[in-house]
Amino acid sequence: MIIKAINILNYKNISHAELTFSPGLNCLFGLNGMGKTNLLDAIYYLSFCKSASNHIDSQNIKHDAEYFMIDGTYDDGQGTEMTVYCGMKKRHKKVFKKNGKEYRKFSDHIGQVPLVMVSPVDGGIISGGSEERRRFMDMVISQHDKEYLNAIIRYERALMQRNAMLKADSQAPDADYEVWEEMMDIYGKVVCGKRQKFIAEFKSYFSELYHYISSGNEDVSLQYTSHCLDADLKSLLAANRERDRIIGFTTKGIHRDDIEMALGGYPVRREGSQGQNKTFAIALKLAQFTYLDKKDGTKPLLLLDDIFDRLDGKRVEKIIRLVSGDGFGQIFITDTDKARFDGILAQVSADYKIFEVCDGVITDD
């Protein structure tokens, strides 16, 4: 999958950009705050129907504008062209279209344009709460598995209803709880089974990539944890109903799942240096690329936003060699250092383009 061209109006600090891209490497350089990440975010938006950094759509409209629009043209690698359009006016619902046909549900678009974005916020997967690691699993699996996405949506709806009953401070009959607990059990089992299978397959890709980037000097591991692995969810929910009534929320279920991430046998969030934590996060996202590529046979777009900070030169060189190889497709890289791009391009034989970004204005260099 490649994005051939994009047309942007009033998205964040980008007033207007009409660009064509290389099918290989696309380098964006400029000072911090100029709009490099905003261009990547516009590309991300066309894959996930939302911004990577701000999920309140109206706040992505340029300050002095009434609307934003993003329009992308893609090639699926088989010679078939596809267009994806998103537009939103203030105080109106956003509109999302593929090949001119409007989506009834935004979730129907997920997976149509596979994409992996590596950015500084990925450190939250390691240092943040368990919701960050669940969100990571959801993003990866949902891009190729519609049953999983549907199960997540339905589980969350049932969880919301159960929590609303718990917070109402009323003694609703057990039969009312059982309706939502049965739904949580049905869809929670689907999610748990698919997450368990995902981690079992994914961790081998991750370990291989981490070992390559770190020159094999560090051992890493991933372990999926869930209440559903050790007990029947429906029984757990019933057994904890009174306790949940007292505290006002649901304490058991797949919404409490986590991934234990270890470096040298110890939690990486506690033991890892800044460079090790960043390597860990980058290896997770590159493993996401490998996983999706092997599942669907379509190479995702790869967006690398400011990934070189806090990494030693040897690890930077390893990453550049890796992503510039045959295993990856179209790539977008941002950096403040044009000289570093010159070093990258000296190692790349594939087609490339360079863009300069200054105050939201993007030009071919």
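**View 1. Strands β14 and β15 pair in an antiparallel arrangement in this predicted model.** Strand β14, which spans residues 352-358, is joined to β15 by 4 bridges, and the two strands run antiparallel. Among the residues to locate in this view is V357, whose bridge partner in β15 is I362.

**View 2. An open sheet of 6 strands with mixed pairing.** Read across the sheet, the order of the strands is β8-β12-β13-β3-β14-β15. Strands β8 (115-118) and β15 (361-364) stand at the edges with a single partner strand each, so that one side of each is left without a neighbour in the sheet. From one strand to the next, the twist averages 20°.

**View 3. Helices α1 and α9 pack on the sheet.** Helix α1, made up of residues 36-48, touches β3 (25-29), β8, β12 (301-305), β13 (331-335), β14 and β15, and the direction of α1 makes about 150° with that of β12. Helix α9, covering residues 274-296, also packs on the sheet, where its contacts are with β8 and β12; the direction of α9 makes about 170° with that of β8.

**View 4. Helix α3 packs against helix α4.** Two packed helices are described by the angle between their axes and the distance between the axes. For α3 (residues 130-142) and α4 (residues 146-167), the angle is about 140° and the axes are 8 Å apart, and the two helices are therefore oblique to each other. On the α3 side the contact is formed by M137, D138, I141 and S142, which meet Y148, L149 and I152 of α4. Sorted by class, this contact comprises 5 nonpolar, 1 polar and 1 charged residues.

**View 5. A salt bridge within helix α3 joins R135 and E132.** Side chains of opposite charge can pair when their charged atoms come close. Here the side chains of R135 and E132 meet with an N to O distance of 3.1 Å, and the two residues, both in α3, are 3 residues apart, about one turn of the helix. With a relative accessible area of 42%, R135 is partly exposed, and E132, at 28% relative accessibility, likewise counts as partly exposed.

**View 6. A buried salt bridge links D138 with R195.** The closest N and O atoms of D138 and R195 are 2.9 Å apart. This pair links distant parts of the chain, since D138 belongs to helix α3 and R195 to helix α5 (residues 174-213), with their positions 57 residues apart in the numbering. Both residues are buried, and D138 is also among the residues of α3 that meet α4.

**View 7. D174 and R245 form a salt bridge between helices α5 and α7.** The side chains of D174 and R245 meet at 3.6 Å, N to O. D174 lies in helix α5 and R245 in helix α7 (residues 241-247), and the pair, 71 residues apart, again links distant parts of the chain. D174 has a relative accessibility of 38% and therefore counts as partly exposed, whereas R245, at 13%, counts as buried. Both residues belong to a network of salt bridges that also links R162, E181, R241, E242 and D244. The structure as a whole holds 25 salt bridges.

Key. Residues numbered from 1 in each chain as written. Predicted model: local features only at pLDDT ≥ 70, side-chain atom pairs only at ≥ 80, totals over all residues. Heavy atoms only, no water. Axes fitted to C-alpha atoms, helices over the stretch in contact; angles between N-to-C directions. Parallel < 35°, antiparallel > 145°, perpendicular 65-115°, else oblique. Contact = heavy atoms within 4.5 Å. Nonpolar A, V, L, I, M, F, W, Y, C, P; charged D, E, K, R; others polar. Salt bridge = Lys/Arg side-chain N within 4 Å of Asp/Glu carboxyl O. Buried < 20%, exposed > 50% of the residue type's maximum accessible area, 1.4 Å probe, protein only. Pairing = 2+ DSSP bridges.
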